[in-house]
Amino acid sequence: MQKPRKAPRPANSFILYRREKQDFVMKTHDGITNNEASRIIGEMWAKEPDEVKAVYKQKAEEAKRLHMAAYPDYKYAPRKPNKNKKQSSEPSASNNLNQT
């Protein structure tokens, strides 16, 4: 039996902007990777006037409203950091200063 799928987070204004610009950037930059496309779209977003950003903020508010209707019990719960991550075996530089 499969676990029920966790509800996705509602898209914010930048995510909506990125979705709209992704195809254009990929078509105009042949052979570009998704990381490079994200960087380009991020630069485009930073240069957009406040009026354009306001349009996407409004779209994000609408997406949030629809998300609340579709997932009324949704509550954002970020993943907890994994405490079992292997730490570096080398002492940090600050630890070396105390050993004189």
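**A four-helix chain, examined through α2**

From the N terminus on, the elements of the chain run α-α-α-α, where helices (H or I, at least four residues) and strands (E, at least two) are DSSP runs numbered from the N terminus. This is a predicted model, in which local features need pLDDT of at least 70 and side-chain atom pairs count only at pLDDT 80 or more, while totals for chains, interfaces and linings use all residues. Residues are numbered from 1 along each chain as its sequence is written, and side-chain values use heavy atoms, with hydrogens and water left out.

Trainee: How far apart are the end C-alpha atoms of helix α2?

Mentor: Helix α2 covers residues 34–47, which is 14 residues, and the expected span of a helix is 1.5 Å times one less than its number of residues. That rule gives 20 Å for α2, and the separation in the model agrees with it, being 20 Å.

Trainee: What arc around the axis do the buried residues of α2 cover?

Mentor: Buried means under 20% relative accessible area, exposed over 50%, and partly exposed in between (1.4 Å probe, protein chains only). By that criterion A37, I40, I41 and W45 are buried in α2. They lie on the same side of α2 because the arc, taken from the directions from the helix axis to the C-beta atoms, is only 140 degrees.

Trainee: Which element gives the most residues to the largest nonpolar core?

Mentor: A nonpolar core is a set of buried Ala, Val, Leu, Ile, Met, Phe, Trp, Tyr and Cys residues joined through side-chain atoms within 4.5 Å. The largest one has 11 residues, including L16, V25, I41, W45 and Y56. The elements that give two or more residues to this core are α1, α2 and α3, and the greatest contribution, four residues, comes from α2.

Trainee: How are α1 and α3 oriented relative to each other?

Mentor: Axes are lines fitted to C-alpha atoms, for helices over the stretch in contact, and angles run from 0 to 180 degrees between N-to-C directions. The axes of α1 and α3 come within 8 Å and cross at roughly 105 degrees. Since angles of 65 to 115 degrees count as roughly perpendicular, under 35 as roughly parallel, over 145 as roughly antiparallel and the rest as oblique, α1 and α3 are roughly perpendicular.

Trainee: Is R19 buried or exposed?

Mentor: The place of R19 is in helix α1, and its C-alpha atom is separated by 9.7 Å from that of I41, 22 residues apart along the chain. With a relative accessible area of 58%, R19 is exposed.
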